[in-house]
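User: I'd like to understand how the labels people put on a structure are worked out. Could we go through this one together?
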Amino acid sequence: GAVILNRTSLRPLALLGVDEQEIPVQVAQAVKVSMPIAVRLKGELHAANEIDVKAGVTGKVSQIHYETGDWVRSGAVVATLQSPELTERLKKVEATVESAQSEVQQRQAQRSEAEKQLQKIKEWHDRNLIPRADLERALAAMETADAQVALAQSRLAEQAAMLAQSRRLTSLTRVTAPISGVVTRKLVE
């Protein structure tokens with residue numbers, strides 16, 4: 001076997017049968033462009049996560065804010081209920097809290113008056129103007145006033161807790177979406 005090498009000047013375009021001429025070339029910066037591609041598919045869609053949204057309290061549905069097929073964001077109010085019982089309870093508890101606050105103020109004023117009285121009686125007792133029994137009665141009145149203030153404050157705290165609970169229950173009349181998604185069905189009108 002032998003290899004024969006010939007030195008020729010081959011022209012690539014000439015091999016393709018194209019005349020060799022200068023072709024002007026322009027250099028440009030590459031640009032990234034997104035192009036939409038329409039894809040048509042047939043099939044069934046299934047929800048990845050399906051949640052039934054329910055009210056936490058009973059009442060009459062007054063408003064439904066979304067229809068089937070609407071997109072809902074997480075935390076959006078989906079429906080609103082009317083609950084006359086909760087509204088009435090909230091008003092009663094608010095009135096009770098105001099009354100308890102008034103009682104605390106009254107008891108504190110009585111305690112302040114008992115404290116002033118005790119100071120006078122201590123001065124008179126120190127000057128030997130009144131007997132020790134009067135001082136002891138004034139001390140007992142002061143202790144009683146302190147106990148009444150503490151009792152009134154505890155009643156106020158109890159009523160404030162009941163008010164917070166009533167407000168929380170009333171807030172449950174606004175039914176909210178726990179996640180973002182599409183309304184697939186309504187079970188109430």
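Analyst: Sure! Keep in mind that this is a predicted model. Let's start with the sheet: it is open, has three strands in the order β1-β3-β4, and its pairing is antiparallel.

User: What makes β1 and β4 the edge strands?

Analyst: Each of them, β1 (60-64) and β4 (174-176), pairs on one side only. Neighbouring strands in this sheet are also turned by 30 degrees against each other on average, if you ignore direction.

User: How do you know that β1 and β3 count as a pair?

Analyst: Two strands pair if there are at least two bridges between them. β1 and β3 (residues 77-82) are joined by four bridges, so they qualify, and they run antiparallel. One of the residues involved is Gln63, whose bridge partner in β3 is Thr80.

User: What holds paired strands together in general?

Analyst: Strands of a sheet pair through backbone hydrogen bonds.

User: On to the helices. How do you know that the length of α3 agrees with what a helix should span?

Analyst: Helix α3 has 40 residues (132-171), and at 1.5 Å a residue it should span 58 Å. Its end C-alpha atoms are 58 Å apart, so the two agree.

User: Why is Gln159 called buried?

Analyst: Gln159 sits in helix α3. Its relative accessible area is 14%, and buried means under 20%, so Gln159 is buried. Other than its neighbours within four places in sequence, Gln159 is in contact with Val93, Thr96, Val97 and Ala100.

User: Which other residues of α3 are buried, and what do they pack against?

Analyst: The buried residues of α3 include Leu135, Ala138, Met142 and Leu163. The buried residues of this helix pack against α2 (84-126).

User: Why is Arg89 called partly exposed?

Analyst: Arg89 belongs to helix α2. Its relative accessible area is 31%, which lies between the 20% cut-off for buried and the 50% cut-off for exposed, so "partly exposed" is the label.

User: What makes the link between the side chains of Arg89 and Gln165 a polar contact?

Analyst: A polar contact needs a pair of N or O atoms within 3.5 Å, one able to donate a hydrogen and the other to accept it. The side chains of Arg89 and Gln165 are joined by such a contact at 3.3 Å, so the distance fits. Arg89 also makes a side-chain polar contact with Ser166, at 3.5 Å.

User: And how many residues along the chain separate Arg89 from Leu163?

Analyst: They are 74 residues apart along the chain, while their C-alpha atoms are separated by 9.2 Å.

Conventions:
Residues are numbered from 1 along each chain as its sequence is written. This is a predicted model: local features need pLDDT of at least 70, side-chain atom pairs count only at pLDDT 80 or more; totals for chains, interfaces and linings use all residues. Side-chain values use heavy atoms; hydrogens and water are left out. Helices (H or I, at least four residues) and strands (E, at least two) are DSSP runs, numbered from the N terminus. The expected span of a helix is 1.5 Å times one less than its number of residues. Buried means under 20% relative accessible area, exposed over 50%, partly exposed in between (1.4 Å probe, protein chains only). Contact means heavy atoms within 4.5 Å. Axes are lines fitted to C-alpha atoms, for helices over the stretch in contact, and angles run from 0 to 180 degrees between N-to-C directions.
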